[in-house]
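Some questions and answers follow for a reader new to this structure. They ask why certain labels apply.

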Amino acid sequence: MWKFPKTYELTISFEHLPIPETKLKETILEWENTKLSFLRPFWVLDWKTKPEALGHSRATLTLQSELKNWDKVLVLFFPTWFERANRERLTNILRKKLPVPQSPSKRISVWQKIKTYGKEPVQLLLGNLVMVKASLEMEGIETLDPSRHLQIHENASHIILRISYLKNIQYRFHQKSFQPPYPKFAECYIQTRDKHTDESLGKVFYSFLGYLLEKESDEYLLAYFGFQPKVPKSIRERIPDEIWKTLPDGPRENWVAANLKAEELEFRPVYQVSTS
């Protein structure tokens, strides 16, 4: 018989924050005065700070929440997805509250948001799923994102390609289904580190780079179906066609990809679903 959990605990850590530990402690104590209402339904069980070199610091917060009925089901049957979704949400909330200069971002007009709202994919149904790890020579490639530091090892960077058959795109108000032979579709991630405004570096993670199709000449269709961005051309032309041969003929397993707006591989989970 299944036993549903009543509470859920989660630990969130920040490393190499470009602020002194004393300032970090003051900030968290100020949060406590508000009972950290911005984290609801989670509350803080414990928190710790630690000084680092060059006036930097780190923080670890242990959070807990009482689970509602639907959350109990998600924790029991989809624990990894539940953890990643809540970790990303809470991390983003806390990161915005920290007194750390944020990287400038492009402003999007209200009209642009309205126009693209119904055209953005919110969930994908994928046939099969293969993860390919590779190294790419990065000589001559310019910085892809000023807020990200490319991890270079012997003049090469590590990438991950998540390759599959694209079977269905779920939008907010409609969906698009494909028929066999399904298009071969991939997401590309590259190993990076956070880059703070004082040029110090943060954690290592795989950053979402963009989408690609089996035939580069077909990739104009990505924008048509709402997939943004494409893999930069300087990277795309170095990805060999052999990667597509790793995908077995004909989809035998179905996978669902959600949280498509996240920027890190860790927060763009996929989970297997029934083929019936």
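Contact here means heavy atoms within 4.5 Å. The model is a predicted one.

Q: Which residues of H2 and H3 meet?
A: On the H2 side they are Asp71, Leu74, Val75, Leu76 and Phe77, and on the H3 side Pro79, Trp81 and Phe82. By the residues in this contact, seven are nonpolar, none is polar and one is charged.

Q: What describes the packing of helix H2 and helix H3?
A: Two packed helices are described by the angle between their axes and the distance between the axes. For H2 (residues 69-77) and H3 (residues 79-97), the angle is about 115° and the axes are 5 Å apart.

Q: Why is asparagine 128 called buried or exposed?
A: Buried means under 20% relative accessible area. Asparagine 128 has 4% relative accessibility, so asparagine 128 counts as buried. This residue is in strand E4 (residues 123-137), and its phi is positive, about 60°, although asparagine 128 is not a glycine.

Q: What makes asparagine 259 count as buried, partly exposed or exposed?
A: The partly exposed class lies between under 20% and over 50%. Asparagine 259 has 30% relative accessibility and therefore counts as partly exposed. Its place is the loop between strand E10 (254-258) and strand E11 (270-273). Phi of asparagine 259 is also positive, near 55°.

Q: What is omega for the cis peptide bond that joins proline 180 and proline 181?
A: Omega is about -5° there. Proline 181 sits in the loop between strand E7 (175-177) and strand E8 (184-195).

Technical notes:
Residues are numbered from 1 along each chain as its sequence is written. This is a predicted model: local features need pLDDT of at least 70, side-chain atom pairs count only at pLDDT 80 or more; totals for chains, interfaces and linings use all residues. Side-chain values use heavy atoms; hydrogens and water are left out. Axes are lines fitted to C-alpha atoms, for helices over the stretch in contact, and angles run from 0 to 180 degrees between N-to-C directions. Helices (H or I, at least four residues) and strands (E, at least two) are DSSP runs, numbered from the N terminus. Ala, Val, Leu, Ile, Met, Phe, Trp, Tyr, Cys and Pro count as nonpolar, Asp, Glu, Lys and Arg as charged, and the others, Gly among them, as polar. Buried means under 20% relative accessible area, exposed over 50%, partly exposed in between (1.4 Å probe, protein chains only).
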